[in-house]
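Here's a quick tour for anyone meeting this structure for the first time. Have a look at the model, then read on.

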Amino acid sequence: MPTFINKLTVQGDINEFLAAKEAITQFMSAQPGHISNQTLRSLGEPGVFVEVAHWEDPAAHRAAVSSAEFRALVAPLAALAKPEPGLFEVVDSGARLQEDGTYA
């Protein structure tokens, strides 16, 4: 199960950021392939948040973020926060990187 992780460093008003992020979260939660999401806030840096979302597959996430509606919703966030997004997968304990790029 792919996990989308996005570190967001707020550079503007935190309440405006939270409102903009909520609209995106509602949209993403309704997309095909979305499983769950959670937002975390740094205890040491109150303007740093991490969004964690689980998806059925990378294609479902790609379809959601490439939509015109997503782009319209995310635009206000650009002025409020610096994103550092990425898709991740679980690496089990004891796993080793294989030549084909997978872990076993």
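## Around helix α2

The buried residues of α2 pack against β1, α1, β3, α3 and β4 (81-88). Keep in mind that this is a predicted model. Which residues of α2 are buried? They are A60, H61 and A64. Looking down the axis of α2, you'd find these buried residues within an arc of 95°, so they line one face of the helix. Right at the start of α2, D57 gets involved: one of its side-chain oxygens comes to within 3.1 Å of the backbone nitrogen of A59.

Now for the strands. In β3, 6 of the 8 residues are buried, so this strand is largely enclosed by the rest of the structure. Here's how β3 pairs up:

| Strand paired with β3 | Bridges | Direction | A residue pair |
|---|---|---|---|
| β1 | 7 bridges | antiparallel | K7 opposite V50 |
| β2 (residues 34-41) | 7 bridges | antiparallel | H34 with W55 |

Between β2 and β3 there's a hairpin connection of 6 residues.

W55 is worth a closer look. Leaving out residues up to four places away in sequence, W55 touches a whole list of others, including M1, F4, M28 and I35, plus A60, H61 and A64.

That brings us to the largest nonpolar core, which has 17 residues; F17, M28, W55 and L77 have the most contacts inside it. Two or more residues each come from β1 (3-10), α1 (14-29), β3 (48-55), α2 (58-65) and α3 (68-78). The top contributor is α1, with 5 residues.

Methods: Residues numbered from 1 in each chain as written. Predicted model: local features only at pLDDT ≥ 70, side-chain atom pairs only at ≥ 80, totals over all residues. Heavy atoms only, no water. Core = buried A, V, L, I, M, F, W, Y, C linked by side-chain atoms within 4.5 Å. Buried < 20%, exposed > 50% of the residue type's maximum accessible area, 1.4 Å probe, protein only. Helix = DSSP H or I, 4+ residues; strand = E, 2+ residues; numbered from the N terminus. Contact = heavy atoms within 4.5 Å. Arc of directions from axis to C-beta. Polar contact = N/O pair within 3.5 Å; in protein donor to acceptor, adjacent residues only side chain to side chain. Pairing = 2+ DSSP bridges.
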